[in-house]
Amino acid sequence: MGKLDGRVAVVTGAGGGLGREEALLLAAEGAQVVVNDIKGAQNTVDDITAAGGRAVAVEGSVSDLSVGEAMVEAAVQHFGDLHAIVNNAGFIRDALLVKMTEEQFDSVLEVHLKGTFALTRAAATYWVGRAKAGEAADRSIVNTTSGAGLHGNPGQFNYSAAKAGAAMMAVTAAIELKKFGVRANAIAPVAGTGPVLATPGLGDMIAKAAEANGGFDSFDPANIAPLVGYLAGADCPFTGQVFSVQGGHVGLYQGWSIEHEVDRKGRWTVEELSAELDAWPTRIKVNRQKVAL
Ligand SMILES: NC(=O)c1ccc[n+]([C@@H]2O[C@H](COP(=O)([O-])OP(=O)(O)OC[C@H]3O[C@@H](n4cnc5c(N)ncnc54)[C@H](O)[C@@H]3O)[C@@H](O)[C@H]2O)c1
């Protein structure tokens with residue numbers, strides 16, 4: 001018995017990297033999986049099928065609204081329903097802000113923001129329809145954010161904006177879709193996939209650390225998938241939350257939260273605000289995800 005028996009899930013960008021590991025784990029736990037990617041989706045499907053699981057491929061870009069709809073249709077047509085979507089597909093186009101081109105900015109927002117919108121809208125449309133028809137079930141959205149989108153990162157003006165959006169789309173979907181039985185959360189992963197291993201020397205450092213760590217590779221992309229499996233499950237109580245995850249670490253974020261405030265009946269002058277706010281701390285300590293080797 002798998003933890004996800006009877007569940008039907010879609011994973012985007014699952015031809016490689018984290019998405020592939022997520023699709024493999026969901027299938028190993030009993031879910032039937034729609035595997036999307038612009039390339040390599042069928043390879044993941046073949047591996048799932050060879051291991052005794054059930055999966056089908058939908059190739060195409062997540063930024064295309066009709067591909068989002070095709071993924072939902074494939075789930076319903078092949079497996080009879082849809083319970084979980086994992087918005088994972090994406091890429092980086094890093095550049096310093098003053099050198100960032102319009103194409104670099106637009107393409108990153110297109111894949112992460114519009115891609116997440118496209119599949120989520122198609123799935124939500126189907127789920128709201130099912131709920132209105134009296135077919136209640138636990139439905140789950142898992143978005144993929146990043147430390148860059150939660151804390152900022154130089155060279156990633158485009159990606160930080162897109163990933164902050166991916167986290168907030170989960171928070172807002174959780175609020176809006178609660179009455180239809182839909183949960184939504186986001187994960188901020190760290191793992192040694194292609195884009196990360198492009199950093200010179202990092203691959204060697206990871207390999208040495210894994211050796212020192214009794215063979216456990218804290219950068220193995222497969223470390224991320226169990227949290228996605230948990231969040232996709234019918235018994236998961238979480239919604240509207242953002243999690244950090246790497247190696248053996250899982251964390252629950254506290255979102256934007258007012259730490260200091262002042263209220264009065266009436267408008268402040270600049271001088272009065274100076275007198276009041278000058279006494280405040282100029283930054284609030286936050287706990288970032290520690291990248292562990
Ligand atoms: N690896 C990390 O440490 C890390 C950290 C934070 C966030 N993320 C996020 O995790 C997700 C997966 O990244 P990864 O590290 O596995 O990278 P990856 O490059 O290994 O995998 C991304 C996959 O998405 C696919 N893809 C790209 N554009 C697509 C599109 N338009 N439509 C469909 N598929 C598309 C690619 O073909 C690829 O298979 C991304 O959203 C990334 O931003 C990764």
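This tour proceeds through a predicted model, naming at each stop what to select and what is found there.

**The whole chain**

Begin with the entire protein chain, displayed as a cartoon. Ten helices and eight strands are present in the protein chain. Its radius of gyration is 21 Å, close to the 19 Å that the globule rule gives for 293 residues, so the chain is as compact as a globular protein of that length. Aligned to its principal axes, the C-alpha trace spans about 70 × 55 × 40 Å. If the residues are coloured by burial, buried ones make up 41% of the 293 residues. Among contacts in the protein chain with a separation of 6 or more, 69% are between residues 24 or more positions apart.

**The ligand and its shell**

Next, select the ligand together with the residues around it. The ligand is surrounded by 29 residues, and the closest are Gly13, Gly17, Ala89, Gly90 and Thr193. Which elements each supply at least two residues of this shell? They include helix H1 (17-28), S2, H4 and helix H7 (194-197). Colouring the shell by residue class gives eleven nonpolar, 16 polar and two charged residues.

**Helix H2**

Move to residues 41-50, which form helix H2. Show the side chains of Ala41, Thr44, Val45 and Ile48, the buried residues of H2. Viewed down the helix axis, these buried residues fall within an arc of 100 degrees, so they line one face of H2. Adding H1, S2 and S3 to the selection displays elements against which the buried residues of H2 pack. Then step past the end of the helix: H2 is followed by glycine 52, which has a positive phi, near 95 degrees.

**Aspartate 64 and helix H3**

Select aspartate 64, located in the loop between S3 and H3. Aspartate 64 has 15 C-beta neighbours inside 10 Å and therefore counts as partly exposed. For a spatial reference, pick glycine 115 as well: the two residues are 51 residues apart in sequence, and their C-alpha atoms are 7.2 Å apart.

Continue into helix H3, residues 65-79. How far apart should the ends of this helix be? At 1.5 Å a residue, its 15 residues should span 21 Å, and the end C-alpha atoms are 21 Å apart, which agrees. Now display Val67, Gly68, Met71, Val72, Ala75 and Phe79, which are buried in H3. These residues cover an arc of only 145 degrees around the axis, which puts them on the same side of H3. Rotate to the face turned away from the buried side, where the exposed residues Ser66 and Gln77 are carried. To see what the buried residues of H3 pack against, add strand S1 (8-11), strand S2 (32-37), strand S3 (55-59) and helix H4 (102-132). Glycine 80, just after H3, takes a positive phi of about 85 degrees.

**Glutamate 102 in helix H4**

Select glutamate 102, which lies in helix H4. With 7 C-beta neighbours inside 10 Å, glutamate 102 counts as exposed. A distance label from glutamate 102 to asparagine 158, C-alpha to C-alpha, reads 9.8 Å, for a pair 56 residues apart in sequence.

**Glycine 201**

Proceed to glycine 201, in the loop between H7 and helix H8 (202-212). Is glycine 201 buried or exposed? Glycine 201 is exposed, with 7 other C-beta atoms within 10 Å. Add isoleucine 284 to the selection: the C-alpha atoms of glycine 201 and isoleucine 284 are 34 Å apart in space, with their positions 83 residues apart in sequence.

**Helix H9**

The last stop is helix H9, residues 225-232. Display Ala225, Val228, Gly229, Leu231 and Ala232, the buried residues of H9. They cover an arc of only 165 degrees around the axis, which puts them on the same side of H9. The elements covering these buried residues include S1, H1, strand S4 (84-87), strand S5 (139-144) and strand S6 (182-189).

Within the same helix, select proline 226. Proline 226 is partly exposed, having 16 other C-beta atoms within 10 Å. Finish by adding leucine 25: its C-alpha atom and that of proline 226 are separated by 7.1 Å, although the two residues are 201 residues apart along the chain.

Note on methods. Residues are numbered from 1 along each chain as its sequence is written. This is a predicted model: local features need pLDDT of at least 70, side-chain atom pairs count only at pLDDT 80 or more; totals for chains, interfaces and linings use all residues. Helices (H or I, at least four residues) and strands (E, at least two) are DSSP runs, numbered from the N terminus. The expected span of a helix is 1.5 Å times one less than its number of residues. A residue is buried if 20 or more other C-beta atoms lie within 10 Å of its own, exposed if 12 or fewer, and partly exposed in between; C-beta atoms are placed from the backbone. The arc is that of the directions from the helix axis to the C-beta atoms. Two residues are in contact if their C-beta atoms, placed from the backbone, lie within 7 Å. A residue is near a molecule or strand if its C-beta atom, placed from the backbone, lies within 6 Å of it. Ala, Val, Leu, Ile, Met, Phe, Trp, Tyr, Cys and Pro count as nonpolar, Asp, Glu, Lys and Arg as charged, and the others, Gly among them, as polar. The radius of gyration is taken over C-alpha atoms; the globule rule is 2.2 Å times the number of residues to the power 0.38.
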